[in-house]
Amino acid sequence: MSQPLDTVLAYHERTKHHFQRYAAGPGGLDWATQPDAFRTFAGSPRVALPLLGEASLPTHYADLYRPGAIAPHAFTLANIAALLELALGLSAWKEYGATRWALRCNPSSGNLHPTEAYVVAHDLDGIADGVHHYLSRDHVLEQRCDLHADLPAETFLLGLSSIHWREAWKYGERAYRYCQHDAGHAIAATRYAAAALGWQAHVLGDWSDADIAALLGLDRDADFHDAEREHPDVMMVIARTATQLLAPQAVAAQTWFGQANRLSPTHAHDWPVIEEVAAACAKPATHAPAWQAPPLPDPLPLVSEARASGIIRQRRSAQEFDGMTSISADTLFRMLDLTLPRAAMPPWDAIDWAPRIHLALFVHRVDGLTPGLYLFLRNADIESKMRAELSSEFEWVRAEACPAHLLLYRVAEADARNAAKALSCHQDIAADGAFSLGMLAEYESSLAHGAWIYRQLFWEAGILGHVLYLEAEAAGVRGTGIGCFFDDGVHEVLGIKGRWLQSLYHFTIGGALTDTRLQTLAAYAHLKRD
Ligand SMILES: Cc1cc2nc3c(=O)[nH]c(=O)nc-3n(C[C@H](O)[C@H](O)[C@H](O)COP(=O)(O)O)c2cc1C
C-alpha cells in the first residue's frame, strides 16, 4: 500500500464512532474559543452585491429537472449575486435569548460552516478582474487580488476551500470528514443555484489542489499570519450556456489585498491527524476521461408550483420529527430517482465520476411499502457482489410498485426504528421520520485509484444529501443530515465484512416539529441595502 493510502485508511478507522467509544474530540465545548463563522480579509476592497430580498426568481423548482425548461438569465451583477446568495448566502437568523446565529442556504455539520468561497472574475458586470472572497454575512465580495485570468465570455470560476479548524473545534478528529460533506453540499448548492438561473456549473476535476491554492492565494503565508489556514477543495466553472472545461493556466496576480482574520483566539486542542490526512489526500493534476451518465427515463414527476429560490431558501434541518407523518411510496421513489445521475441535469452534471455510493434505507412510515431495511443501488454493477457478500439472511425482494429503473430491494421486513436510532448515535431523528438511510461507499475499490478520492466519496455523499434536503422541502416534509453514527455498527447490521463498503453519511426525512422557542429573523435585515 502506498503511504498516503495507509494514512487515509488509518484516519478513517480511528475516526469511527463505536458504541462504547466515540472518536477523539474535545470532550466539551470551549465557548471562549468558538471560531468566528465568517472569514474576512481586512484591507481588501469590497463590492457590495445586490440582494434578492423578498423577490424570487421565476424559476419553478420542478423545472430544475426538466432539461431546457429554464432559459439562461443574463450574466449581470444582480444575477451573479443571486447565484452566490442562493448557493452560499444566509437564509435566516435564529435567535434564542441573547444568542443569535445565522443559517445559510448550504447546510453544515454543527452549523460551523468550514466552507469558504471565491470568485475568479474576468470581464464581469460590476466586478473587477481578479480573485474575490465571498463574505456571506455581508453579501459582499472582498477583492483578494487583481489578476488577468483569460476566461471565456460569460463564465467565471468559483473556488471552494475548507477551514478544518471550524469543525475540529467541536468535533475533534472526525471533523475532516464533516468538512468534506459540507464541501459536497456546497458543490450541490452551487449547481442548484446556477440551474435556477438557467446556468451551468461544473467541477474542474483535473485541477490539482496546488493549482487551486495558488490561484485563490490560499498558499500565501503573508496574508494568513496567525489566521487559520484554508485547504483547497474544488474549482468550479460557472457558465451562462455550455460548460467549458478550462485547463489551469499560468495567471500572474499583480497585487494582493487583505489579511485573513483569526477565527479563535487560541486553540485548546490540536488535531494533528487532520493535517496528516489532509496532506495524504492532496489531489494531483489528473486527466481522467469524464464519465457519461447512462440514459434513463425522465425523472418521476413532482406536482408542485413552488419556486426554486423559495425551496432553496426555506431548506432547514429538522431537529425533531413528529413520529407520525408518512410519505407515499411515489414520493420516496422520486427522491431516489433524483439521486441517479442524468446527463444535463443538476446536481449530478456538476461532477463527472460514476456513482460510488448506494443507500441502505430504514423505512418506517412510507405508505405502500412494508417497513424494514431496504437497499437502493445507484450503479447496477455492484448488485452481484452485494448479493454475494451482504448478510445471507437478506431477502432481496423488489420493492412493491417500484419503477423498473430503480434498483430498490427490501432485504428485511422489520420495525427498524430502534436500530436506526441506536446506529445514529441514539438520535431520535433517525427513528421518528418517514425513513432514514446510510450512504454506503464503494470504499476500497475507489481509493485504489488515489488516496484523494477519499474526499470525492464524501463530496458525493454531501451532494446526495443536498438532493434529499431540497426534495424533502418540495414534498412538504423536511430532512436532516446525520454525521454522527456508529460506523461498524451499521456495517455489522448489513453484514459488511472488511472495507469494501463503508457507510459515510446518514440522512433522515419526515414530518418536522418546529422549536417555537426560537425566533426567526430575515437573512439580510441587518444590511439595510436596496
Ligand atoms: C454533514 C452534516 C452532518 C450533520 N449531522 C447532524 C447530526 O448528526 N445530527 C443533527 O441533528 N443534525 C446534523 N446535521 C444538521 C446540521 O446541524 C445543520 O445543517 C446545521 O445546524 C445548520 O442548520 P440548517 O441545515 O437548518 O441550515 C448535519 C448536517 C450536515 C451537513
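Helices (H or I, at least four residues) and strands (E, at least two) are DSSP runs, numbered from the N terminus. The model toured here is predicted; local features need pLDDT of at least 70, side-chain atom pairs count only at pLDDT 80 or more, and totals for chains, interfaces and linings use all residues. Residues are numbered from 1 along each chain as its sequence is written, and side-chain values use heavy atoms, with hydrogens and water left out.

**Helix 13**

Select residues 453–474, which form helix 13. At 1.5 Å a residue, its 22 residues should span 32 Å (the expected span is 1.5 Å times one less than the number of residues). The end C-alpha atoms are 32 Å apart, in agreement with that expectation. Colour the helix by accessibility next: 22 of its 22 residues are buried (under 20% relative accessible area; exposed is over 50%, partly exposed in between, with a 1.4 Å probe and protein chains only), so helix 13 is largely enclosed by the rest of the structure. Then step to G476, just after helix 13, where phi is positive at about 80°.

**The ligand and its shell**

Move to the ligand and display the residues near it, that is, those with a heavy atom within 4 Å. There are 22 residues around the ligand, and R315, S317, Q427, G481 and G483 come nearest. By class, this shell comprises seven nonpolar, eleven polar and four charged residues. In that count Ala, Val, Leu, Ile, Met, Phe, Trp, Tyr, Cys and Pro are nonpolar, Asp, Glu, Lys and Arg are charged, and the others, Gly among them, are polar. Highlight strand 4 (99–104), helix 4 (175–196) and strand 20 (478–482), each of which supplies at least two residues of the shell.

Which atoms of S317, G481 and S108 should be inspected here? At S317, a polar side-chain atom lies 2.5 Å from an oxygen atom of the ligand. At G481, a backbone N or O atom lies 3.0 Å from a nitrogen atom of the ligand. At S108, a backbone N or O atom lies 3.4 Å from an oxygen atom of the ligand. The protein covers 86% of the 620 Å² of accessible area that the ligand has on its own (Shrake-Rupley method, 1.4 Å probe).

**Salt bridges**

Now show the salt bridges, each a side-chain nitrogen of Lys or Arg within 4 Å of a carboxyl oxygen of Asp or Glu. The structure holds 33 of them.

Begin with R342 and D337, whose side chains meet at 2.7 Å, N to O. Both partners are buried: R342 has a relative accessible area of 6%, and D337 is at 0%.

Select R220 and D223 next; their side chains form a salt bridge at 2.6 Å, N to O. Here R220 is partly exposed, with a relative accessible area of 26%, whereas D223 is buried at 5%.

Continue to E444 and R499, where the closest N and O atoms of the salt bridge are 3.7 Å apart. This pair links distant parts of the chain, with the two positions 55 residues apart in numbering: E444 belongs to helix 12 (residues 443–447), and R499 to the loop between helix 14 (487–494) and strand 21 (501–510). E444 is partly exposed at 38% relative accessibility, and R499 is partly exposed at 27%. Finally, select R46, R137, D138 and E142 together, which salt bridges with shared partners join into one network.

**Backbone geometry in loops**

Go to the loop between helix 9 (329–337) and strand 14 (357–363), which contains P347. The peptide bond from P346 to P347 is cis, with omega near -10°. In the loop between helix 9 and strand 14, select A344 as well. A344 has a positive phi of about 55° although it is not a glycine, and at 55% relative accessibility it counts as exposed.

What phi does A401 take? Its phi is positive, at about 60°, although A401 is not a glycine. A401 is found in the loop between strand 17 (397–398) and strand 18 (407–413), and it is exposed at 74% relative accessibility.

**A last stop at helix 3**

End at K170 in helix 3 (residues 164–171). K170 is partly exposed, at 30% relative accessibility. Add G28 to the selection: the C-alpha atoms of K170 and G28 are separated by 7.7 Å, while the two residues are 142 residues apart along the chain.

How values were computed. Polar contact = N/O pair within 3.5 Å; in protein donor to acceptor, adjacent residues only side chain to side chain.
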